[in-house]
Structure formats: structure tokens, C-alpha cells
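Subject: Structure for your files

Dear colleague,

Here is the structure I said I would pass on. My notes on it follow below.

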Amino acid sequence: MIDHLYQNTILKNPKSILIILLIALISFGYYSKDFRLDASSETLLIEGDPDLKYLKEVTNRYGSKEFLVLTHTPNEGMVTDSAINNLLSLKYKLQSLDWVHSVITLLDIPLLNNSDAPLQERLLNFKTLKDEDVDKERGFREILASPVFRNFVISEDGKTSGIIVNIKENQKLEDIENKSDKEIQIFKDQIKKNNHNNILEIREVIKSYDDIGKIYLGGIPMIADDMMTFIKSDIIVFGLGVLVFIIVTLWFVFRNLIWVVVPISSCFFSVIIMMGLLGLIGWKVTVISSNFIALMLILTMAMNIHMSTRFIQLRKIYTNKNNHEIISLTTKKMFWPILYTALTTIIAFLSLIFSEIKPVIDFGLMMTFGLITSFIITFTLLPSLLSFLKDNKTLIKEDADSKITSSLGKISINFKNQVFITTGIIIIFSIIGISKLEVENSFINYFSKKTEIYKGMKLIDEKLGGTTPLEVILKFPEKKEDKLDEDDEFEDWGNEEKNDEKYWFTKDKIETISNIHNYLDSLPEIGKVLSFSSIVDVATQLNNNKPLGTLEMGVLYTKIPANIKTEIIDPYISIKDNEARISLRIIDSQKDLKRNELIKKINLDLQNEFGLSEDRYKLAGVMILFNNLLQSLFKSQILTLGLVMLGIFGMFVILFKNIKLSLIGVVPNFIAAFFILGIIGMLEIPLDMMTITIAAITIGIAVDNSIHYIYRFKEEFKKINDYKKTLKTCHSTVGVAILNTSITIIFGFSILVLSKFIPTIYFGFFTGLAMFFAMISVLTLLPSLILVFKPFGK
């Protein structure tokens, strides 16, 4: 029924089909202008993570500004006259940029220990290092000794300082929430464009100050912009690299311009139509899915090589038939094997939707639609183009049997036991390696050491208190339960003032904040810790090292100028919500850092050592979100692999209607995938957002070779009725196609090592390696199993 419909609608109307495809190409090509990229932090999170929602609440409550960070290591001492003048010049240059709200440097830090005036007066009339009448060495020592600024805006060795560049607030997205999706998209695109221009502008400023020392740029806006640049670069490099390699491969295999142009046309149509579809529905490409164009080219080419190779083989056998008849015969013989190979690969990519990680889910869905597009184009465009060619134009020079496939065939026949022993060793190795797999990873290590992202983050991590933020939110009991400090004689005031802000600062609260602050500061994995306790320590220093009473704190809080209160106190306490915030940063580049263990330890210690119930505190921040992502990777790996294995085995049973044959067909590919996971484990390379997809994708793509081989073996065995002779025939026919497609896929994936994003490099290298092992396995272990178990009868 399907075959009859296909023959009458597609093969008998090549001109009409070609016109329809050209219209589709032009239409989707138009919408490809709306093809969008996305490098926002949300693309690296678990879908619907409740910790993300809570972090947004915390950010709204305690305030947050968008900013860039510059690390500044001057060539000379930090407080020499020339160093201060250079830093001041850089500050004013940055401040003059129209998108910059404010610039905070070492020169803007209030020096409160430079006089003996009362504390309140010092707060109102503070001095800074840039003031002429300040003892700069004394002021610098004060900053270095400050519980707030040491290891935060100045490194402990005093050689590197941080420069905070606060960015002017954009129009809030909420202001345009009633606008159409198109208007919102235009708004977001404009923000990205502005951010890109801002980064270019500030880098030009930094470049003009190269002679004063080492300056690195950091911060989320810079990382997001650089990631966008990486994605664009990867798409272009991967796409062009794979395309060039495919053209070279096609010429090497066929040595006929026709057999280069026809498959390349299928690739071109598939990619342009898919890009247009993504643009039309507003589906954005992230750093994880940036290789989808390269993968589409690779997988479309694999389909076309199998079709082309079979057409050429049939053309040589049936010399009395014309092109149309050969096309009809080719599509009839290849429709089901290619359909099932497409479906098995789709199952592999669809399994990624259970990963909970948004970019991985999107990648799986994009590739699913891409494979459907490639399949349709392969069975419409390729036969339509071939139908316009003369019979003699499709012929290629007769080649001798491939020495590689012939040798692998001999190994399958003569060295079956050695093949099985080697397989057993590989299985044992894989089990040991898989047991060593871990998910601990560092965001810093996602980038090449040559990139500014890496250099800046590494310096901030080591010198300025760490990079990955973690928040500890302490929730205090209702005010009626608070115990006031008896020494403060609160009883002298009337009860009507109980709700005044100054009454919030009780001894229990201050001690709780201080004790937990000190505990967190003692952990080796944690860099800078900031909280209200830091402010209390500063106030104690300024009060001749005499602790302030809780009443004094309350009174001082009410008298501190609003601008200082907003900057140094409000980010750490919320009187209205009766809670305090302890902000800390993790030293992300620490070699032995175990994030999940650290989070568990902090949770247990807060409960057991400090007696806090679960409703009295909560951990939040990027650290929690990143750890949630990492912990979901194991679950994703097991779930996706399990679904792929079950789905593909089911497909084999439906296709071959033989459980024994189905088991024989899937085993070589499963072993290849597990072998790669074993190698990753043995090399102690942690799983990340991309390496978790390797095993599932390897099985999904590599199993295509098994389907083609078994399908052809079954067809030839009916004619030859001899296992060894059938094996030799298959190795010299479909085996050659498997070799050619595998080489294309292997080297196609290898192009990904040119990326600047380390997970993409690992993905390309290990998937290519897995495909190599899968090809060897399909051309040695699979035929050996067929010879031993004889699934087609005696």
C-alpha cells in the first residue's frame, strides 16, 4: 500500500516533486532569517527547577544589579601615585560609557579608621584612597584588614583588585508583558545586541590600558556574550568543516561529480528547511544544540550514501533496466531499512527529553525533527534528481573489493573465538570504567585556558574569593519569641515601640548569624563569606575593638545614611521578612571540590551543630542550581540509556520478527556505547551536559549499521543459503557502504574538537571514537554472532 502510493505520487512525478521541494526551500529559507541563538544562564538549568524560583525571590528581596567585573593587577605597587592615577583614569574612562551606571574600585571604598571622630560622623564624612589628605598606606592596610573587602575587592596578597562596573538597568520585561511575542522577541534581541556592543566597547577601553598591568574582564553579561560568539563560531565552523569533509569523502568514494552534487543537494535542502522551521516556531539554538547542523549534515549524508551505493550496485547488476526502474528498485529495497535506521536514531534523540535539562531536551527534539526532515528529503529529492540523468551518467568506475571490509570479514570467519574473548575483556573494562563515572564538574573547566572567560574566572576564583555564589538564608522565629539582651534595658521603652526597626537586632540573632558565618568561613571549599556579621566586625573594629550592644546596633541602624544602608546592610538582612542572608562563594577551580557532598555537609551541620530545623534556613544560589544539574546527569544517563536500549530492541523485533536475531543485532552497538563510557570513567573525565548524550546517540546512530547489515544478510542468504559466502558478499557490498558512512560520521564528529567549549570537544571526540568501535563491532562481532547462532536457519 505504502509502496504503491510512493511509486505513483513521488517516483512518477519527479518534476512536480522537485518544484514542491524548491518552493519549500525558498519558503523555509525566508524564515531562516529568524533563526535565533540563546546563551542565557537559563539554558544551563533543569526545566522547572523550584530552586530557580526561590533564587529569584531572594534576588528580588535583597536586590541585585547586573554588573561586569574587571580584575586589575598593576605592574607596580597598588597604592603608588602612578598606580592610583592609572586606576582613577581607568575608572573615569569606564564611567564615561553611556551604558555604565557606576564604577566601584579600590579607590571608592570608605576609610572609616582614618580619624578618631564618633562613628556616625565617620560614616557621614568618610575618606577614600583617592582623597589628597589620606595616608594611603594606612588606608590600604585598613582595606586589606577589612572583614568585608579583603579577598573580595582586594586579594589577600594585595596585588590584585576587582573593579565592579554596574550596568544601567534596562526597561523591565514586565513593562512590555502585554506586548506581542514578536515585540518581546525584538526587545530581547535588542538587549543582546546592546550587551554585545557594550562588551566590545569595554574591551576597547581595557586594551588602551594594557601597559598599566594585567586586566581581565569577567561577569555574567560577558560570559553570555562570549557564549553567543562561541555558538555562532561553532555553527559556522562545524557546518562548513563537515560540508567540506563530506564533499571530499564523496569524491573519494564515488569519483563522479554527479554522486557529489546529488547527496550534497539533499544535505543543503534538509539543513535550510530545518533552520527555517526553527526560525518559524521561534526555537532557539543553545551551546548544547549548536552542533545540530553538523549532525544533520552527517546523518543526511549517511542516508544518501546507503541509497547511492545501493543504486550503483543495482545499476551494475541490471544493465538492461533504465534509470527509472533502478530508482524504483532502489527505493523499494532501501525504504524499510532506512526508515528503521531513522526511527532508531530518533528514539535515541527522543530519549533525551527525559533528562530534565532544557538544552538537552531541546537538542533531542531538534534532532528528531531534523531526522524526519532528512528522511523525507532523501526519499523525494534524491530519486527526483536521479530521474533527470541519463543512464550512463550514473555509472562509476568499477572498484575492487575494499581491503578493509574484506579483512574484517576474514577475522569474523577465522578468528571468532578471539573476537569473543576480546569482547569479554572490553565488557569487563567497561564495567570497571562505568563504576568510576562521576558528575563533579567545574564551570571554569568548560572553557579553554586560552579564553578570557577562563583567565578572568580563574583569577577571581583564586585571588578574589571564589566564583560560584551560594546563599544561606536564615529565618528567625516570630518576634514575640525573640530574646532581648537584658543589658540593653529595653524595659525602659514603652511597648508601643515594639515594632520599631531597632528592636530587630537581638543578641540571639546576631550570635546565630555570626556563628554560622564563622563556620562557613572555616570550610576549605568556600572563599569569601559576607553577611551582617561582616558589618558587625567592621563596627567592632571602629569601636576600638569593643563589641556593640544590640541596642547600639539598632540605634546605629536607624541613623546610618540611607545610601550606605542600601549598599552594605540591606543586602544581608530583611527586617520585614525577619531573616538574614549569608552570601558566600565557592572556589570552583579547587581540584577535590565535591559540590554535592559540601551541600549535604552544610545542611547536616546547620541542623545538628546549630540546632536549626529545616524550616529555619534554606540554601540557594547558582551553586545549588548547578549541583541540581550535575546530580540529574546520572539519572538522565541511566534513564536515556535504558529507554534507548528498550526502544531499539523493540524496533529490531518488529523489523526482523526474530528475538534471537534482534539480540544479535543490538549487542555490538550496546557494547560500543558502554566501552566509551568505560573509557570516560577510566580517564576520570566527569559527565557533563553533552557527554551524557554520547552513549544514547552512539547506540541510536551505530545501530543503523546493524540494521543495514542484517537486512542485506537476510536478503542475500535467501539466494546463497550459505552463511560464510553470504558474509563475504555482505562485506563486499553493504559492508563498504557501512565503512564509507562510518568514516563520514567519525570524521564529521571529529570536526567538533575545533570548538572553544570543552564539553563540545569531548562530545565530538568520544562520539567519533564510539562510532569507530561500533563500526568495527558491526563488521566483526555481529557476523561472528550470526555464524555461531545461525538465526536464519541451517
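To start with a single residue: is Ser 328 buried or exposed? Ser 328 has a relative accessibility of 14%, and because the cut-off for buried is under 20%, it counts as buried. Please keep in mind throughout that this is a predicted model. Ser 328 sits in helix α11. Setting aside neighbours within four places in sequence, Ser 328 is in contact with Gln 7 and Leu 11.

Cavities

Helix α11 comes up again here. The structure has four cavities of 30 Å³ or more. The largest cavity holds about 130 Å³ of space. Its lining consists of 14 residues, and those nearest the centre are Leu 299, Ala 302, Met 303, Thr 341 and Asp 704. Four helices each give at least two residues to this lining: α10 (292-317), α11 (323-350), α24 (694-720) and α26 (734-750). Sorted by class, the lining of the largest cavity has seven nonpolar residues, six polar and one charged.

The second largest cavity has a volume of about 110 Å³. This cavity is also lined by 14 residues, with Arg 310, Met 334, His 708, Arg 712 and Val 734 nearest its centre. Helices α10, α11, α24 and α26 are the elements that contribute two or more residues to the lining of the second largest cavity. In that lining, five residues are nonpolar, five polar and four charged.

Strand β1

Strand β1 covers residues 67-74, and six of its eight residues are buried, so the strand is largely enclosed by the rest of the structure. What does β1 pair with over six bridges in the antiparallel sense? One partner is strand β3 (residues 161-167), where Gly 162 is the bridge partner of Thr 71. Strand β4 (residues 213-218) also runs antiparallel to β1 and is joined to it by six bridges. On that side, Leu 70 has Leu 217 as its bridge partner in β4.

Nonpolar cores

Leu 70 is also among the residues that Leu 94 touches. Not counting residues up to four places away in sequence, the other contacts of Leu 94 are Val 100, Val 103, Ile 163, Val 165, Ile 202 and Val 205. Both Leu 94 and Val 165 belong to the largest nonpolar core, which has 236 residues. They are two of the members that touch the most others, along with Phe 292, Leu 520, Phe 532, Ile 602 and Tyr 709. Helix α10 supplies the largest share of this core, with 16 residues. Another core lies apart from it and has five residues, including Val 58, Tyr 62, Ile 473 and Ala 620.

Positive phi

Two loop residues deserve a line each. Asn 578 is not a glycine, yet its phi is positive, near 55°. Asn 578 lies in the loop between β7 (573-574) and β8 (579-586), and at 9% relative accessibility it counts as buried.

Lys 657 likewise has a positive phi, about 50°, without being a glycine. Its place is the loop between α22 (622-656) and α23 (659-682). Is Lys 657 buried or exposed? With a relative accessible area of 71%, Lys 657 is exposed.

Regards

Terms used: Residues are numbered from 1 along each chain as its sequence is written. This is a predicted model: local features need pLDDT of at least 70, side-chain atom pairs count only at pLDDT 80 or more; totals for chains, interfaces and linings use all residues. Side-chain values use heavy atoms; hydrogens and water are left out. Buried means under 20% relative accessible area, exposed over 50%, partly exposed in between (1.4 Å probe, protein chains only). Two strands pair if DSSP finds at least two bridges between them. On a 1 Å grid over the protein atoms alone, a cavity is a set of points where a 1.4 Å probe fits but cannot get out, and a pocket is an open set with protein on both sides within 12 Å along at least five of seven lines; lining residues have an atom within 4 Å of a point. Grid points are joined across faces, edges and corners, and a volume is the space filled by probe spheres set on the points. Ala, Val, Leu, Ile, Met, Phe, Trp, Tyr, Cys and Pro count as nonpolar, Asp, Glu, Lys and Arg as charged, and the others, Gly among them, as polar. Contact means heavy atoms within 4.5 Å. A nonpolar core is a set of buried Ala, Val, Leu, Ile, Met, Phe, Trp, Tyr and Cys residues joined through side-chain atoms within 4.5 Å.
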